[in-house]
Amino acid sequence: ITDKIAALPQDANYFSLEFFPPKTQMGSSNLQARLERMSRALRPLFVTVTWGAGGSTATKSLELAEICQRQLGLTTCLHLTCTNMSRSLVDEALEQAKALGVRNILALRGDPPRSDEYRDEGAPVSGDSNDDFEWAIDLVRYIRKQYGDYFCVGVAAYPEGHSDQSHPEHQDPKFDIPYLVEKVQAGADFIMTQLFFDVKAYSDFEAMLRSHPSGAFKSIPVIPGLMPIQSYQILRRITKLSHARLPPEILSRLDAVKGDDEAVKRVGVDILGEIVQEIKRTKPQGPRGFHFYTLNLEKAVAHIVERTQLIPPISQDEEDSDDAVAVDGDD
Ligand code: FAD
């Protein structure tokens, strides 16, 4: 991922898309067809595949990573959590990722089992607590120790602070920064953020990182995480879970249409488009990226990246070998 970012012109923009492994065979086939369309039409710089807490989606996450990396030829980043994971499960995941040609890992701590956000209910959870891995930094160090520079390693960050059970009183980005410095110094190559709707909170956070006296964040790619608005209910649920603030001016635009699902999606595309444009104006040193939490859905993100001109131009070589397809989502 960082090689691809480094190869872009300094003033370029790029984006990535997140997918989670579906629970059923039918869901997987649908997603594969959708991924094919999206990758050809939207041309993300890379895609990411989520990992169920405790390894609950291990098999399905690796299958989806295989589809993305091997079958579709997409630069793929596998999320990997480390708490409640046995060491052998971590080893297996890394070995299999390597065997699939996946070169990027988003190294995460994961949440304790109570969270069902990323879980596949049908799958067993290893539940092994494990002294090797307490925080995400332990996984970053482990990957570097075992694999040297083979993997490009990303880590998570929280523009509005991480609300953790272990320190619920400290939901403040300033509390997390020393640990983020450590993750970068341990060998993280890029930072990807939690979703947010408050652009000022994000801009302040990025400015704080860039000017941090440690110098750890001077040039590392920081990729803001954005979630297209698929429905009023999903938005309220996810912002509550992630503790992302909904600025009143955004909420009132959505409140005005909340009984009409299509209108919510339309206004949602407007809102996300404005957020992207606003962040684009604050130029980092180097290319500006955006990460989209797609929830495996196609249309809203397609409209957003089209409208904000994030789709990269197609080169002549690619055009000759690959007919461009129009975005025609089915969700
Ligand atoms: P850490 O970096 O370990 O930090 C967790 C908290 O502990 C922070 O508040 C930090 O400040 C604090 N902390 C860190 N080190 C110490 C220390 N030594 N002493 C005291 N406090 C410390 N979850 C999944 O289960 N699957 C996924 O696929 C997934 N994908 C994600 C993708 C992104 C981009 C993001 C932002 C989150 C994702 N998550 C996922 C959620 C993530 O696992 C949780 O937010 C988890 O609670 C924290 O993970 P972390 O890697 O940020 O942990």
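**Exercise 1. Find the contacts of V140, leaving aside neighbours within four places in sequence, and place V140 in the core.**

Solution.
- Step 1. Set aside the neighbours of V140 within four places in sequence; V140 is then in contact with A107, V153, V155, K183, A186, G187 and A188.
- Step 2. Turn to the core of this predicted model. The largest nonpolar core holds 85 residues.
- Step 3. Look for the residues with the most contacts inside that core. They are L78, L80, I105, A107, A136 and V140.
- Step 4. Combine the two results. A107 is a contact of V140, and A107 is also among the core residues with the most contacts.

**Exercise 2. Decide whether strand β5 is enclosed or open, and find its partners.**

Solution.
- Step 1. Count buried residues in β5, residues 152–157. Six of the six are buried, so the strand is largely enclosed by the rest of the structure.
- Step 2. Check each face. C152, G154 and A156 lie on one side, and V153, V155 and A157 on the other; both faces are covered.
- Step 3. Pair β5 with β4. The two are parallel, over four bridges. L106 stands opposite G154 in β5.
- Step 4. Pair β5 with β6. These strands also run parallel, joined by four bridges. M192 in β6 is the bridge partner of A156.
- Step 5. Link back to V140. Both V153 and V155 are contacts of V140, and both are on one side of β5.

**Exercise 3. Describe the shell around the ligand.**

Solution.
- Step 1. Count the residues. The ligand is surrounded by 22, and the closest are T50, H79, R109, W135 and A136.
- Step 2. Ask which elements give two or more residues. They are β3 (76–81), β4 (104–108), α6 (173–185) and β6 (190–195).
- Step 3. Find the top contributor. That is α6, with three residues.
- Step 4. Sort by class. The shell has 11 nonpolar, seven polar and four charged residues.
- Step 5. Compare with the core. A136 is among the closest residues to the ligand, and A136 is also among the residues with the most contacts inside the largest nonpolar core.

**Exercise 4. Follow helix α11 from its buried residues into the loop after it.**

Solution.
- Step 1. List the buried residues of α11, residues 299–307. They are A300, V301, A302, H303, I304 and V305.
- Step 2. Ask what covers them. The cover includes β1 (13–19), α2 (25–42), α10 (261–281) and β8 (288–293).
- Step 3. Move on to T308, in the loop between α11 and α12 (316–321).
- Step 4. Classify T308. The cut-off for buried is 20 or more C-beta neighbours within 10 Å. T308 has 20, so T308 counts as buried.
- Step 5. Find its contacts beyond four places in sequence. These are G273, V276 and Q277. T308 and V276 are 32 residues apart in sequence, but their C-alpha atoms are 7.0 Å apart.
- Step 6. Note Q309, which follows α11. Its phi is positive, near 55°.

**Exercise 5. Classify two loop residues with positive phi, H243 and N296.**

Solution.
- Step 1. Recall the background. Most residues other than glycine have a negative phi.
- Step 2. Read H243. Its phi is positive, near 60°. H243 lies in the loop between α8 (232–242) and α9 (248–255).
- Step 3. Read N296. Its phi is about 65°, also positive. N296 sits in the loop between β8 and α11.
- Step 4. Count C-beta neighbours inside 10 Å. H243 has 14, so H243 is partly exposed. N296 has 18, so N296 is partly exposed.

**Exercise 6. Place D91 and R87 of helix α4.**

Solution.
- Step 1. Locate them. D91 is in α4, residues 87–100, and R87 is found in α4.
- Step 2. Use the neighbour counts inside 10 Å. D91 has 13 and therefore counts as partly exposed. R87 has 14 and therefore counts as partly exposed.
- Step 3. Check distances between C-alpha atoms. D91 and I143 are 52 residues apart in sequence and 9.3 Å apart in space. R87 and P21 are 66 residues apart along the chain and separated by 22 Å.

**Exercise 7. Judge the predictor's confidence along the chain.**

Solution.
- Step 1. Take the average. The chain has a mean pLDDT of 91, and 89% of the residues score at least 70.
- Step 2. Find a weak stretch. Over residues 115–127 the pLDDT is below 50, yet this stretch has 32 contacts in the model beyond near neighbours in sequence.
- Step 3. Add the model scores. They are ipTM 0.99 and pTM 0.93.

Terms used. Residues numbered from 1 in each chain as written. Predicted model: local features only at pLDDT ≥ 70, side-chain atom pairs only at ≥ 80, totals over all residues. Near = placed C-beta within 6 Å. Nonpolar A, V, L, I, M, F, W, Y, C, P; charged D, E, K, R; others polar. Buried ≥ 20, exposed ≤ 12 C-beta atoms within 10 Å, placed from the backbone. Contact = placed C-beta atoms within 7 Å. Core = buried A, V, L, I, M, F, W, Y, C linked by C-beta atoms within 7 Å. pLDDT = per-residue confidence, 0-100. Pairing = 2+ DSSP bridges.
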